Amino acid sequence: MRQLKILFVGDASNFHACLAQALRQMNHEVTVISNGSRWMDTDRNIDLSRRPGKMGAIRYVLDILKLLPRLKGFDIVHVINPIFMELRPEKMRHIFDYLKRNNSHLLLSAIGTDYHYFHTCHDGKTFRYSDYMVGDKPSPFMLSPESANQSNWNLPVMKWYSDYVTPQFDGVVTCLYEYHKVYESVVNADKLVYGGIPIDTQSIKPRIITTPPGKVKFFLGRHRNRTVLKGTDLMLDALRRTCDRYPNLCEMQVVENRPYNEYLELLSSAHVNLDQLYSYTPATNALLGMAHGVVAVSGAEPEYYDFIGEHQCQPIINVSPLVEGDIDQKLAWIVEHRDQLPALSRMSREFVEKHNDSHIVAQRHIDFWQRIIGQQE
């Protein structure tokens with residue numbers, strides 16, 4: 001395939017930055033514009049960060065206007081979300097129109113909450129649970145003060161904007177099973193593909209657990225403003241109970257809002273990583289740990305394994321918000337069956353190499369782009 005000129009606008013949890021690195025190694029020209037995922041400070045070619053306050057907002061708009069001449073002439077443009085800059089939908093539409101008009105193909109990386117995901121999670125039939133609903137009841141997040149801004153997804157302007165931009169995307173590449181299920185009912189099948197979350201396994205030297213540890217090192221990393229949303233509040237409570245129950249057999253480390261590289265170093269020294277409670281699938285945090293050989297306690301429902309066609313290598317310890325006491329039981333199992341950790345550690349690395357290596361994910365993108373380019377030539 002000929003060299004492509006690619007633009008990624010926005011980032012989340014190093015997704016576009018990692019994908020860009022793999023694509024460059026495959027001889028494509030890639031530019032990433034983002035705010036570095038804020039406190040994570042991930043790699044980007046052009047920084048586009050919004051400072052607080054009115055003056056920060058004015059400066060942000062001026063920065064975008066100054067940047068616009070550099071955002072044209074690309075073969076492929078991927079935005080990280082329909083709301084891919086920190087602007088209101090009315091203003092976002094003008095930037096969207098500019099990107100659509102001045103580039104060959106405009107696509108969506110479906111990697112976070114948007115209008116369609118939010119409303120699908122509330123339809124009572126697509127998922128048994130989500131960040132927003134557990135069974136037929138609101139999730140703890142929706143009953144907490146943290147959910148105050150979620151009503152924005154119900155605003156008429158959000159529907160107006162989503163109805164405008166979604167049909168105009170040339171394609172949608174999903175990073176998780178959940179987002180794929182959402183967009184299956186939103187866009188035509190020929191516009192949709194699963195890409196997965198890219199992990200740069202080549203740069204990660206795993207620390208595979210070779211012998212059962214005498215004391216299990218549990219790790220929990222959390223975002224200060226998303227503890228209830230991701231269920232890390234409940235996971236931390238269960239972890240504390242487990243460490244109180246087995247004080248001589250386990251210990252825990254909790255970190256919060258650390259820069260990306262520092263976070264990785266802390267994570268890699270653990271045996272077990274506690275990630276998300278309300279997910280069907282392992283996301284970036286879990287997969288990064290697994291690439292290091294750290295066993296993940298996260299989402300790994302049968303639907304996910306079936307979706308990716310994996311029926312042998314299933315190392316993720318699945319926890320469910322639908323089963324009372326499930327987290328406590330799974331953590332106790334880990335402590336009492338420490339002899340299983342070496343096998344799970346080895347399988348964890350194998351799983352990420354097979355399904356989420358950044359070059360594999362990049363090739364899925366390239367194959368999809370080739371199809372889209374071929375359809376429109």
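**Exercise 1. Ser 13 and its neighbour**

Task: Decide whether Ser 13 is buried, partly exposed or exposed in this predicted model, then compare the setting of Asn 14.

Solution.
- Step 1. The relative accessible area of Ser 13 is 30%. Buried means under 20% and exposed means over 50%, so Ser 13 is partly exposed.
- Step 2. Ser 13 sits in the loop between β1 (5-9) and α1 (15-25).
- Step 3. Ser 13 is not a glycine, yet its phi is positive, about 55°.
- Step 4. Asn 14 is also placed in the loop between β1 and α1. Its phi is positive too, about 75°, although Asn 14 is not a glycine.
- Step 5. Asn 14 has 11% relative accessibility and therefore counts as buried.

**Exercise 2. Helices α3 and α5**

Task: Find how α3 and α5 are oriented to each other, and which classes of residue make up their contact.

Solution.
- Step 1. Helix α3 covers residues 89-102 and helix α5 covers residues 156-165; their axes are 10 Å apart and the packing angle is about 10°.
- Step 2. Angles under 35 degrees count as roughly parallel, so α3 and α5 are roughly parallel to each other.
- Step 3. On the α3 side, the contact is made by Pro 89, Glu 90, Met 92, Arg 93, Phe 96 and Asp 97. On the α5 side, Val 157, Met 158, Trp 160, Tyr 161, Tyr 164 and Val 165 take part.
- Step 4. Sorted by class, the contact of α3 with α5 has nine nonpolar and three charged residues, and no polar ones.

**Exercise 3. Helices α8 and α12**

Task: Describe the crossing of α8 and α12 by angle and by hand, then list the residues in contact.

Solution.
- Step 1. The axes of helix α8 (residues 232-245) and helix α12 (residues 326-336) cross at roughly 40° and come within 9 Å.
- Step 2. α8 and α12 are therefore oblique to each other.
- Step 3. The crossing in which α8 passes α12 is right-handed.
- Step 4. From α8, the contact uses Leu 234, Met 235, Ala 238, Leu 239, Arg 241, Thr 242 and Arg 245. From α12, it uses Ile 327, Asp 328, Leu 331, Ala 332, Val 335 and Glu 336.
- Step 5. The residues in the contact of α8 with α12 fall into eight nonpolar, one polar and four charged.

**Exercise 4. Helices α10 and α13**

Task: State the hand of the crossing of α10 and α13 and the make-up of their contact.

Solution.
- Step 1. Helix α10 (residues 284-291) and helix α13 (residues 341-355) have axes that come within 7 Å and cross at roughly 115°.
- Step 2. The crossing of α10 and α13 is left-handed.
- Step 3. Leu 287, Met 290 and Ala 291 of α10 meet Ser 348, Arg 349, Phe 351 and Val 352 of α13.
- Step 4. In the contact of α10 with α13 there are five nonpolar residues, one polar and one charged.

**Exercise 5. Two asparagines**

Task: For Asn 318 and Asn 35, give the location, the burial and the contacts beyond four places in sequence.

Solution.
- Step 1. Asn 318 belongs to strand β14 (residues 317-318). Its relative accessible area is 18%, so Asn 318 is buried.
- Step 2. Beyond its neighbours within four places in sequence, Asn 318 is in contact with Ser 298, Gly 299, Ala 300, Glu 301, Asp 326 and Lys 330. With Glu 301 there is a polar contact between the side chains (3.5 Å).
- Step 3. Asn 35 is in the loop between β2 (29-34) and β3 (46-47). A relative accessible area of 15% makes Asn 35 buried.
- Step 4. Outside four places in sequence, Asn 35 is in contact with Arg 44, Asp 47, Leu 48, Ser 49 and Glu 86. Asn 35 and Glu 86 are 51 residues apart in sequence, and their C-alpha atoms are 9.9 Å apart.

**Exercise 6. Thr 227 and Lys 191**

Task: Which of the two, Thr 227 or Lys 191, is buried, and which is partly exposed?

Solution.
- Step 1. Thr 227, in helix α7 (residues 227-230), has 11% relative accessibility and so counts as buried.
- Step 2. Lys 191, in the loop between α6 (177-184) and β9 (192-194), has 25% and so counts as partly exposed.
- Step 3. Leaving out neighbours within four places in sequence, the contacts of Thr 227 are Glu 146, Arg 222, Thr 232 and Asp 233. On the same basis, those of Lys 191 include Pro 167, Phe 169 and Phe 368.

Conventions. Residues numbered from 1 in each chain as written. Predicted model: local features only at pLDDT ≥ 70, side-chain atom pairs only at ≥ 80, totals over all residues. Heavy atoms only, no water. Axes fitted to C-alpha atoms, helices over the stretch in contact; angles between N-to-C directions. Parallel < 35°, antiparallel > 145°, perpendicular 65-115°, else oblique. Left-handed = near helix turned anticlockwise from the far one by under 90°. Contact = heavy atoms within 4.5 Å. Nonpolar A, V, L, I, M, F, W, Y, C, P; charged D, E, K, R; others polar. Buried < 20%, exposed > 50% of the residue type's maximum accessible area, 1.4 Å probe, protein only. Polar contact = N/O pair within 3.5 Å; in protein donor to acceptor, adjacent residues only side chain to side chain.
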